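Student: I've got a model open and some terms I'd like to pin down. Can we go through them one by one?

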Amino acid sequence: MTPTDAPLHVLLIEDDAVLGGALAQRLRLEGFRVEHAVNAAQALAALRQARPDFVLSDIRLPDGSGEDLYRRALPHLGDTPIVFATAFAEVGQAVRLMRAGADDYLTKPFDVERLVQRIRELVPARREPGAAPQGFGLSPATARLAADLERLAGRDVPVLLRGETGVGKEVAARVLHERSARAAEPFVAVNCAAVPRELMESQFFGHERGAFTGATGAHAGWFEEAGAGTLFLDEIGELDPRLQAALLRVLQDGVFRRLGGRQDLRFRGRLVAATNADLGARIAAREFREDLFYRLAVVELWVPPLRERPAEVLALAQGFAQQAAQRQGLAAPALAAEAQAALLAHDWPGNVRELRNRVERALALAEGDTLGSADLFPERALDEPAGAPATLASAREQAELAQIERALELSGGRLAEAAQRLGVSRTTLWKRRKKLLGEGARQSG
């Protein structure tokens, strides 16, 4: 099944088991793939794992309000529409959410036919896999990583990529693939955490017709699909223990067999794995095989978080904006000065994935041809106190001071190293920091 003919993925967030179950069943009958979360924690876990095509959420949940959920979900939404269901007494909160960037709200009890219509109206065009974003390798940390990937491209050994969620481990794996002699062969990316346990063996190894109930035809698994290319296994720490043993056998012997098959097949590709988990701790807890770890981590590389790569933020944002505009048939937008300052001042807990999601959502909802700070961070409207907004000059100064302080923190307080990180002289950095600190003291006085 290709990405364009797959059923639309709807994330339903509803704590009422009866109402949620009935609504999920009805949406499935309409042809949607429905994931049902009963609280905000479950919903956020689902969003971190895979971005859905549409989100419908109750505005009141056992572990938080709609506003709380929206603030925490926004880094993971991208241009995915989110609609809130609310009782009449909570319409005020729903209106605030729409001002902050939510797409719509429905007042309970609502007509399911109307909901289905809104889903089909709001869901954007299907996304095709994009090229590696601009900006990779601009900071010292990723420049070193890019050099390591270049060297490893010609050495056919397994590589384990480590790093926080959303830092771009798949981008690094694609760079490794594209620089290698396997570049013309397939690149098959698999999220091990998202594969249903009961389908794992069939998805990895394939099956023959009649291998199990429902196997009406033969199916090639991911090892076959990769051919002589690259098989990228993301979230390898979440792999089921039974599959860990099977994967170890493939790495040791180089062969596998389809379910129900009688003939061994040879794995001709290269395996690259990635994780954000502490595999050492999982090995100690007997949740991950130590022998598999050593097979996977012949070479281990660290992908740094975006907060340690400030030189890449604006280039990445512009690249994501150009890609999203091309997909949506729009002109590439400009980034306003205050938007650039806000991007540089943000700490990026969701890393590159959060940046991409914010840019895509901003482009989908922006009214003009320039993206402003409010387009990229609409949830801040929920926190704004009454009164006049900050001036553009003060916003720039605050963002600049935040970047200076962050560079000093990363450099252990060493001014020369911080200046090198920021691309300025030591004297310029010292004078600029002194001036900005003085401005801040006068404004607060």
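Tutor: Sure, and let's start with the lining of the largest cavity: its residues divide into seven nonpolar, one polar and three charged. Here Ala, Val, Leu, Ile, Met, Phe, Trp, Tyr, Cys and Pro count as nonpolar, Asp, Glu, Lys and Arg as charged, and the others, Gly among them, as polar. Before we go on, this is a predicted model, where local features need pLDDT of at least 70 and side-chain atom pairs count only at pLDDT 80 or more, while totals for chains, interfaces and linings use all residues. Residues are numbered from 1 along each chain as its sequence is written, and side-chain values use heavy atoms, with hydrogens and water left out.

Student: What makes a space a cavity, and how many cavities of 30 Å³ or more does the structure hold?

Tutor: On a 1 Å grid over the protein atoms alone, a cavity is a set of points where a 1.4 Å probe fits but cannot get out, and lining residues have an atom within 4 Å of a point. Grid points are joined across faces, edges and corners, and the volume is the space filled by probe spheres set on the points. The structure holds three cavities of 30 Å³ or more, and the largest has about 50 Å³ of space.

Student: Which elements give two or more residues to the lining of the largest cavity?

Tutor: Strand S1 (9–13), helix H1 (17–29) and strand S3 (54–58) do. S3 gives the largest share, three residues. Among the lining residues are Leu12, Leu19, Ser57 and Lys108. Helices (H or I, at least four residues) and strands (E, at least two) are DSSP runs, numbered from the N terminus; in the protein chain they come to 19 helices and 16 strands.

Student: Lys108 is in that lining. What kind of peptide bond joins lysine 108 and proline 109?

Tutor: A cis peptide bond, with omega about -10 degrees. Proline 109 sits in the loop between strand S7 (104–107) and H5.

Student: Why is arginine 118 called buried?

Tutor: Buried means under 20% relative accessible area, exposed over 50%, partly exposed in between (1.4 Å probe, protein chains only). Arginine 118 has 14% relative accessibility, so it counts as buried. This arginine lies in helix H5 (residues 112–122).

Student: Which residues does arginine 118 touch, not counting residues up to four places away in sequence?

Tutor: Phe54, Asp103 and Asp104, where contact means heavy atoms within 4.5 Å. Arginine 118 and aspartate 104 are 14 residues apart in sequence and 9.0 Å apart in space, C-alpha to C-alpha.

Student: And why is arginine 358 called buried?

Tutor: Its relative accessible area is 4%, so arginine 358 meets the buried rule. Arginine 358 is found in helix H15 (residues 351–365), and its contacts beyond four places in sequence include Leu74, Trp348 and Glu379.

Student: What is the phi of asparagine 351?

Tutor: Near 60 degrees, a positive value in a residue other than glycine. Asparagine 351 is also in helix H15, and its relative accessible area is 0%, so it is buried.

Student: Now the rings. How many aromatic pairs are there?

Tutor: Rings of Phe, Tyr and Trp (its six-membered ring) pair if their centres lie within 6.5 Å; planes under 30 degrees apart count as stacked, over 60 as edge-to-face and the rest as tilted. By this rule the count comes to 11 aromatic pairs. One of them joins phenylalanine 223 and phenylalanine 267: 5.1 Å centre to centre, 80 degrees between the planes, and edge-to-face.

Student: What does the pair of phenylalanine 223 and phenylalanine 267 tie together?

Tutor: Phenylalanine 223 lies in helix H9 (residues 222–226) and phenylalanine 267 in the loop between strand S12 (265–266) and strand S13 (270–275), so the pair ties together parts that are 44 residues apart in sequence. Phenylalanine 223 is buried at 2%, and phenylalanine 267 is buried at 13%.

Student: Why is the pair of phenylalanine 293 and tyrosine 294 called edge-to-face?

Tutor: Their ring centres are 5.3 Å apart and the planes are at 70 degrees, so the pair is edge-to-face. Phenylalanine 293 counts as buried at 16%, whereas tyrosine 294 is exposed at 54%.

Key. 1 Å grid on protein atoms, 1.4 Å probe; cavity = no way out; pocket = protein on both sides within 12 Å on 5 of 7 lines; lining within 4 Å.
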